[in-house]
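Dear colleague,

Please find below the structure that I am handing over to you. My notes on what was found in it follow directly after.

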Amino acid sequence: MITNGYLFAAYAATWIIHIAYLGTLVRRYSRLKREIEDLKRK
Amino acid sequence: MKRAFPILGILTAILLSYALYLALVGAPTEQTMGDVQRIFYYHVPSAWTAFILFFANFGASVYYLIKRCPKADIVALVSAEVGVVFCTVVLVTGPIWARPVWGIWWTWDMRLTSTLVLWLIYVSYLFLRRFSSSGQTPLLAAALAVLGALCVPFVYFSIWFFRTQHPQPVMGGGGSIDPRMLHVLLINWLAFSCFAFLVCWSRYRLETLQREVDEAHAFRSLTDDPRSNR
Amino acid sequence: MTQSRSTTRGITLATLWKDLRLEWRSKDAINSMLFFSLLVVVVFSFSFDPSAEESRQIAGGLIWVAFLFAAVVALNQTWARELRNQVLDAYRVSPAPPNSLFLAKVFGNFIFVIVLEALMTPLFIVFYRLRTIGPAWQLLLVAAVGTWALVVNGTFFAAMSIRTRSREIMLPLLLFPISIPAIVAMVQATTSILNGEGARFWIVLLVTYDLVFTTTCLLLFETVLSAE
């Protein structure tokens, strides 16, 4: 299906960029959740 | 409202998979460039999505300048961030496509160069948001967004004329497009637009939550009775 | 209506005159900038070999990059004096229209950078053995219109940057991307004129750019000034 190395690189790069961004969102979200727990406890 | 998100997520994932299948298998192979041309189905929709998001940033910023509505400010921030992500995809897939076809990684091609300048403008916008203190950020950012958006037509004109004086290889080719390829292109665009919408929605909710937490912190530090802390 | 227009003009001129007098008296900024400009020209001459033919092709770019550096250094200290003496707060509560302050600053910076350019250009001509084949008066026009483009946006972004951390880096960071069309125009116009071609398109582009951005900055300046 993907015979071309450049084709694979382009599609892979696209998804790597998107997943990296989503990863930062997930990390920020879990950090926020922890802060909310702290605030609720106090 | 909240239940819609997972449903839309699954639908988008299905749509993206179908679009990927079409791009790799369904679409006809191009004559001159071969399989590498399929990068087109990811490169162009990302560009269109980025432009739409930057336009949304402009609209939200103008609205904020007129109405001072905090939600508009969040929309502006979100659309700029996600727009930069999609713009980065364009700038990465562009050279990967150019290299096997024209033998060079970069050309001061009209579209690539304009996209680069757009990327620079909106990255500088994100820097302003990060470096300014939170009270005035929305206003300053909105002002910068308006200036940046006004700059866009000038970017296009200046690079267009520069290119007519110094001709360069055109990437993405001109001329008419095979209707089957157009079909695949539009499906991919639809899929990425849905994906972009979901990402923006998530980022919007995250930012709203972040601001509530910040307010809670500020409120807490104002009303804290020091005697109650052990 | 006539009253407010003459007041705006009056305040603009008064502020401009005050800035120019202060600069002339202290001569701090002027002297350091002059030396900086000389250094830039010399460093460029070492980095980009001025052998005659190639230099005519790249001279347009070199000159404007040098001017750009000089402009950024000048712009960075635009609001420094106001900040030191809390003048901006006084302006915010005074009935003076904010636009007059902005215009005065832009004119002041414009004059300042033009002076620097006027001093650097002979050095460039000497070091690079430049001769212009095309109409030389167009070069003056390009210099004026191009410098205005840099200075109007630069003054606006300098006002924005004073409310940020890393103030000095924020100014070029914000200014350069938005100035790219203007820079392309300035460089291409200069190169064309040096090589004997006309630069009408670029000049028209620059004038349009100047009109659009001057108007927008004037409209938005009050927002930026009172954002606190």
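**Chain A and the overall model**

Of the 42 residues in chain A, 14% count as buried. Please bear in mind from the outset that this is a predicted model. The secondary structure of chain A consists of 1 helix and 0 strands. Its C-alpha trace spans about 60 × 15 × 5 Å along the principal axes.

For the complex, the predictor gives an ipTM of 0.91 and a pTM of 0.90. The average pLDDT of chain B is 88, and 93% of its residues score at least 70. Within chain B, confidence is lowest in α1(B), where the mean is 90, and highest in helix α2 (residues 40-67), where it is 95. Chain C has an average pLDDT of 83, with 93% of the residues scoring at least 70. Among the elements of chain C, helix α9 (residues 200-226) has the highest mean pLDDT, 93, and helix α1 (residues 2-26) has the lowest, 70. As a general caution, predicted coordinates should not be read in detail where pLDDT is low.

**The fold of chain B**

Chain B contains 6 helices and 0 strands, and read along the sequence it follows the pattern α-α-α-α-α-α. Along its principal axes, the C-alpha trace of chain B spans about 80 × 45 × 35 Å. Of the 230 residues in chain B, 38% are buried. Among the contacts in chain B with a separation of 6 or more, 78% are between residues 24 or more positions apart.

Helix α1(B) shows how one helix packs within the chain. Its buried residues are B:T12, B:A19, B:L22 and B:A23, and they pack against α2 and α6 of chain B. An α-helix has 3.6 residues a turn, so residues three or four places apart point the same way.

**Helix α5 of chain B**

Helix α5 (residues 137-165) of chain B has 29 residues. From its first C-alpha to its last it reaches 41 Å, close to the 42 Å expected at 1.5 Å a residue. Where does α5(B) have a kink of about 30 degrees? The kink lies at B:V152, shortly before the proline B:P153.

B:T137 is also found in helix α5 of chain B. Is B:T137 buried, partly exposed or exposed? B:T137 has 19 other C-beta atoms within 10 Å, and because a residue needs 20 or more to be buried, B:T137 is partly exposed. Leaving aside residues up to four places away in sequence, B:T137 touches B:R129 and B:S132. The C-alpha atoms of B:T137 and B:D73 are separated by 9.4 Å, although these residues are 64 residues apart along the chain.

**How the chains meet**

Which chains share the most contacts, among the 2 pairs of chains that touch? The answer is chains B and C. No contact joins chain A and chain C, and their closest C-alpha atoms lie 23 Å apart.

In the contact between chains B and C, 27 residues come from chain B and 25 residues from chain C. On the side of chain B that touches chain C, the elements giving two or more residues are α4 (110-131) and α5 of chain B. The largest share of that side, 15 residues, comes from α5(B). By class, the side of chain B that touches chain C has 20 nonpolar, 7 polar and no charged residues.

Turning to the other pair, 23 residues of chain B are in contact with 21 residues of chain A. Here α1 (4-26), α3 (70-102) and α6 (179-223) of chain B each supply at least two residues of the side that touches chain A. The helix that gives the most to this side is α3(B), with 9 residues. By class, the side of chain B that touches chain A has 15 nonpolar, 4 polar and 4 charged residues.

**The nonpolar core**

The largest nonpolar core has 131 residues, of which B:A76 and C:L206 touch the most other members. The largest share of this core, 17 residues, comes from α3(B). Not counting residues up to four places away in sequence, B:A76 touches B:N57, B:A60, B:S61, B:Y64, B:A141, B:A142 and B:A145. In soluble globular proteins, nonpolar side chains tend to be buried together.

With kind regards

Notes
Residues are numbered from 1 along each chain as its sequence is written. Chains are lettered from A and ligands numbered from 1 in the order in which they are written. Helices (H or I, at least four residues) and strands (E, at least two) are DSSP runs, numbered from the N terminus. The expected span of a helix is 1.5 Å times one less than its number of residues. The bend at a residue is the angle between axes fitted to the seven residues ending there and the seven starting there. Two residues are in contact if their C-beta atoms, placed from the backbone, lie within 7 Å. Ala, Val, Leu, Ile, Met, Phe, Trp, Tyr, Cys and Pro count as nonpolar, Asp, Glu, Lys and Arg as charged, and the others, Gly among them, as polar. A nonpolar core is a set of buried Ala, Val, Leu, Ile, Met, Phe, Trp, Tyr and Cys residues joined through C-beta atoms within 7 Å. A residue is buried if 20 or more other C-beta atoms lie within 10 Å of its own, exposed if 12 or fewer, and partly exposed in between; C-beta atoms are placed from the backbone. pLDDT is the predictor's confidence in each residue, from 0 to 100.
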